[in-house]
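Me: Could you take a close look at one part of this model with me? I'd like to go through a single metal site in some detail.
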Amino acid sequence: MVTNKQIADILSKTADLMEIKGENPFKVRAYRNAARILENSAKDFSKLVKEGFDLTKLPGIGHDLSEYIKEIVNTGKFHKLEELQKEIPKGVVELLSIEGLGPKRVKQLYETFGIKNMDDLKKYAYSGELDKLPGFGPKLIEKILKGVKQLKKAGIRFLWAEVEDTANELKDYLLEFEGVETVDIAGSFRRKKESVGDLDILVIAKDYPKVSEYFIKFHKVKEVYSKGLTRSTVFLDNDLQVDLRAVAKESYGAALHYFTGSKSHNIEIRKLAIQKGLKINEYGVYKGNERIASLTEEDVYKSVGLEYVEPELRENRGEIEAAMSNSLPKLIKADDIRGVMENVITKEEVDKAVLNAKKNQFEYLILNVDKDCFLEINEYIANKNRDIKIIRCLTVRVDENGEIEAKEDLLEKADFVCAIMKEAELNSDMQTKRYIKALQNPYVKVLLRPSLREVLKKEGVDLDWDEVFECANKHHKAMEINSNPKYLDLSDVLIKKAIDKNVKLLLNSYHNSFKYGLNQARRGWCEKEDLLNTFSYERIKKFFNF
Ligand code: DGT
Ligand code: CA
Ligand code: CA
């Protein structure tokens, strides 16, 4: 379902681009008004459209806009915006994110100097030529310079797994310094989000100025952006931003809660506090002038009537209601896992997977083998006892029509069969049908890389997941959580949806990377019973019927 906010964003983005292009100002204003109406309306526009309600009956929405809103609700896209995005260079649009630059000024910059991206803007801003433009005073130019400097880097995001080592190294580095008592990396990193924008580090230290001197000498620091009395910001050699904040011991819990976020979780907690006549900020929870909680996060939650919420759940996806009614999930832990699936192509990879499984003290190992090397690997497994139960899984591809591409005699040789969908350009309806057909195939037991997404790179397929998960549940089929940090497919949101529909999940590791999949599972509210990897060998056997 498209939310009002999403529709409004599309309309106001369209208005921005129309203005940059120099279209009729009255039309531009009509789009902006419509966006505002949508954003402030208590009615759910998606629902109105689906119910066939005549939108032109609402103030401020004429015939054209009504059609546009229908298009956005029904397709999730807007043709006019897509046309404008083709016409106007992407870099020009990005200039809008600089504070002080609206569409009018961006248009001036583009038309007068041909400035079409951040780099152009930076050059002109530093050269002093911008002040030739009417309305560009020294204050605005200073703002632009600041914006360019911050934004260039703030725009990039990193995979969680990509910053993991650096984050841990930094934590150890800080803990080594005399007088540093506690170090925590808060923010999205603590919430184990698949990608992070920057690192937010909190420290309790006797002498913060000395710690911050030490901090900026960390060997990966490339640039010191700011150094203040309680906060410093640096950029590392890979352009990762790191903020260091000094926190007082007595308010550490409140600060850790505040800087762990997410922002929308914090906002909901604050609302809850207000309802109880309390005030909450990064220093504590207050009743009038009296501080009633601040030392630990548990204290903070307790003071607003909630049980402790694990960081991975703090995304405002229902965790606050669940905490209120003591019905938070008992999140899965690494200890619960009795075996993972590993992808192998070569014999060396088989040996390595066995070694890792033993190191992890697993009861069994599921080897996932592509159909092209299945027979060879199968023989290799059969001819050697490895002191661990091995389950042999065959992976086959599913074509555009939902048919699997493998001969029956090969399918019979595996303990169970996984399917992966080939990419296919289909509309949402056809895609859903294709998935359902694949899931109804009696051989297929698990769907791999279900959405074919790539973190930060590619959105997953567009289809009706409710329908697909209902079908999976009905036919007893499982969905993969691919642990490769580049994929993490299913995503946290879809894992939660799958669990809500009672669909079982299977962790697939990639060179022993299952902890990333596990993080994602926790973010998706996964409990022990939801994950096949927590089943005993006998139970797995029963589930897959081999
Ligand atoms: P990121 O860095 O984009 O991956 O995401 P976060 O969640 O780490 O966000 P960041 O670094 O901007 O801020 C860290 C935390 O600080 C955030 O999760 C919640 C808190 N915070 C930041 N700004 C605000 C705010 O305006 N209001 C509230 N309530 N909390 C905020
Ligand atoms: Ca952050
Ligand atoms: Ca930050």
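Me: How many Å apart are the calcium ion (ligand 3) and the calcium ion (ligand 2), and which aspartate coordinates both?

Reply: Happy to! This is a predicted model, where local features need pLDDT of at least 70, side-chain atom pairs count only at pLDDT 80 or more, and totals for chains, interfaces and linings use all residues; side-chain values use heavy atoms, with hydrogens and water left out. Residues are numbered from 1 along each chain as its sequence is written, while chains are lettered from A and ligands numbered from 1 in the order in which they are written.

The two calcium ions, ligand 3 and ligand 2, are 3.8 Å apart, and aspartate 198 coordinates both. Around ligand 3, the donors are OD atoms of Asp198 (listed twice), Asp200 and Asp243, at 2.2 to 3.1 Å. Donors here are N, O and S atoms within 2.8 Å of the metal (3.2 Å for Na, K and Ca), and because water is not among the atoms, sites may look incomplete. Along the sequence, the spacing of the donor residues of ligand 3 reads D-x1-D-x42-D. Distant parts of the chain are linked in this way: aspartate 198 belongs to strand S4 (residues 198-205) and aspartate 243 to strand S7 (residues 241-246), 45 residues apart. Strands (E, at least two residues) are DSSP runs, numbered from the N terminus. Both aspartate 198 and aspartate 243 are buried, that is, under 20% relative accessible area with a 1.4 Å probe and protein chains only.

For the wider setting, domain 2 spans residues 158-247; such bounds come from an automatic or database domain assignment.

Definitions and conventions. Helix = DSSP H or I, 4+ residues; strand = E, 2+ residues; numbered from the N terminus. Buried < 20%, exposed > 50% of the residue type's maximum accessible area, 1.4 Å probe, protein only.
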